[in-house]
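Colleague: I've got the model open next to the sequence. Can you walk me through it?

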Amino acid sequence: MKKHIKHFLILEIIALIMGISSIAQSGESNSEYTKYTTTEIQDTALTKSIARGREVYNDFCMQCHLADGKGTPNVFPPLAESDWLINKRKESIHAIKYGLNGPIKVNGKPYNSAMTSMGLEDEEIADVMNYIMNSWGNTQKTMVTVEEVQHVDQ
């Protein structure tokens, strides 16, 4: 039995060496390989965050901003193709975290209604931001993280 384990370990070591060798022969450096893997991991994390954010949006945001993210004209600003959302990332996080009062301009139109804080956790805020920033014509591949949300002060 020990002989079989030795053979198995030797085969695993050979496979590992061959894998490293094929990366080296292909011209990829370790950092390029790691970068590719990191990008894949981030895309997966973003996809999962967006899925969680959709649930948060449906529970807390959809009543005012509607299922299509278009909001209510002259009352609740659109999130769909929103210049304010995309250009004012920190302010958008702040609005979800602490609420928003006072006038803002979204896509050239003024809005002056109140949005109360929903009492969301930092992870929920990051998730809903990732959802709305990647829905309805918005495309942001730089993921909003919990750490980023934590650094937004009142």
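Modeller: Sure, and keep in mind that this is a predicted model. Let's start with one helix pair: the crossing of H4 and H5 is right-handed.

Colleague: Which residues of H4 and H5 make that contact?

Modeller: On the H5 side you'll find Asp122, Ile125, Val128, Met129 and Ile132. By class, the contact counts six nonpolar, one polar and three charged residues. From H4 come Arg89, Ser92, Ile93, Ile96 and Lys97.

Colleague: Are H4 and H5 parallel, perpendicular or oblique to each other?

Modeller: Two packed helices are described by the angle between their axes and the distance between the axes. Here the axes of H4 (residues 89-98) and H5 (residues 122-132) come within 10 Å and cross at roughly 130°. Angles over 145 degrees would count as roughly antiparallel, and 65 to 115 as roughly perpendicular. H4 and H5 are therefore oblique.

Colleague: How many residues of H5 are buried?

Modeller: The cut-off for buried is under 20% relative accessible area. In H5 that applies to Ile125, Ala126, Asp127, Val128, Met129, Asn130, Tyr131 and Ile132. So H5 is mostly covered, and of its 11 residues the buried ones number eight.

Colleague: And what covers the buried residues of H4?

Modeller: The buried residues in H4 are Arg89, Ser92, Ile93, Ala95, Ile96 and Lys97. Their cover includes H3 (83-87), H5 and H6 (146-150).

Colleague: What phi does Gly99 take, just after H4?

Modeller: Gly99 comes just after the end of H4. Its phi is positive, at about 95°.

Colleague: Is Leu66 buried, partly exposed or exposed?

Modeller: Leu66 sits in the loop between H2 (30-65) and H3. Leu66 has a positive phi of about 70°, although it isn't a glycine. Buried would need under 20% relative accessible area and exposed over 50%. At 34% relative accessibility, Leu66 therefore counts as partly exposed.

Colleague: What is the relative accessible area of Asn107?

Modeller: You'll find Asn107 in the loop between S1 (104-106) and S2. Asn107 isn't a glycine either, yet its phi is positive, about 50°. Asn107 is partly exposed because its relative accessible area is 35%.

Colleague: Moving on to Asn112, is it buried or exposed?

Modeller: Look in the loop between S2 (109-111) and H5 for Asn112. The cut-off for exposed is over 50% relative accessible area. Asn112 has 58% relative accessibility, so Asn112 counts as exposed.

Colleague: Which residues is Asn112 in contact with, leaving aside its neighbours within four places in sequence?

Modeller: Asn112 and Asn101 are 11 residues apart along the chain, and their C-alpha atoms are separated by 7.3 Å. With those sequence neighbours left aside, the contacts of Asn112 are Gly102 and Pro103.

Colleague: Stepping back, what pattern does the protein follow along the sequence?

Modeller: The protein has six helices and two strands. Read along the sequence, they give the pattern α-α-α-α-β-β-α-α.

Colleague: What share of the 154 residues in the protein is buried?

Modeller: First, the outside: the protein exposes about 10400 Å², and carbon and sulfur atoms supply 58% of that. Among contacts with a separation of 6 or more, residues 24 or more positions apart account for 61%. As for the 154 residues, the buried share is 29%.

Notes:
Residues numbered from 1 in each chain as written. Predicted model: local features only at pLDDT ≥ 70, side-chain atom pairs only at ≥ 80, totals over all residues. Heavy atoms only, no water. Axes fitted to C-alpha atoms, helices over the stretch in contact; angles between N-to-C directions. Helix = DSSP H or I, 4+ residues; strand = E, 2+ residues; numbered from the N terminus. Parallel < 35°, antiparallel > 145°, perpendicular 65-115°, else oblique. Left-handed = near helix turned anticlockwise from the far one by under 90°. Contact = heavy atoms within 4.5 Å. Nonpolar A, V, L, I, M, F, W, Y, C, P; charged D, E, K, R; others polar. Buried < 20%, exposed > 50% of the residue type's maximum accessible area, 1.4 Å probe, protein only. Areas by Shrake-Rupley, 256 points an atom, 1.4 Å probe, with all protein chains shown as cover.
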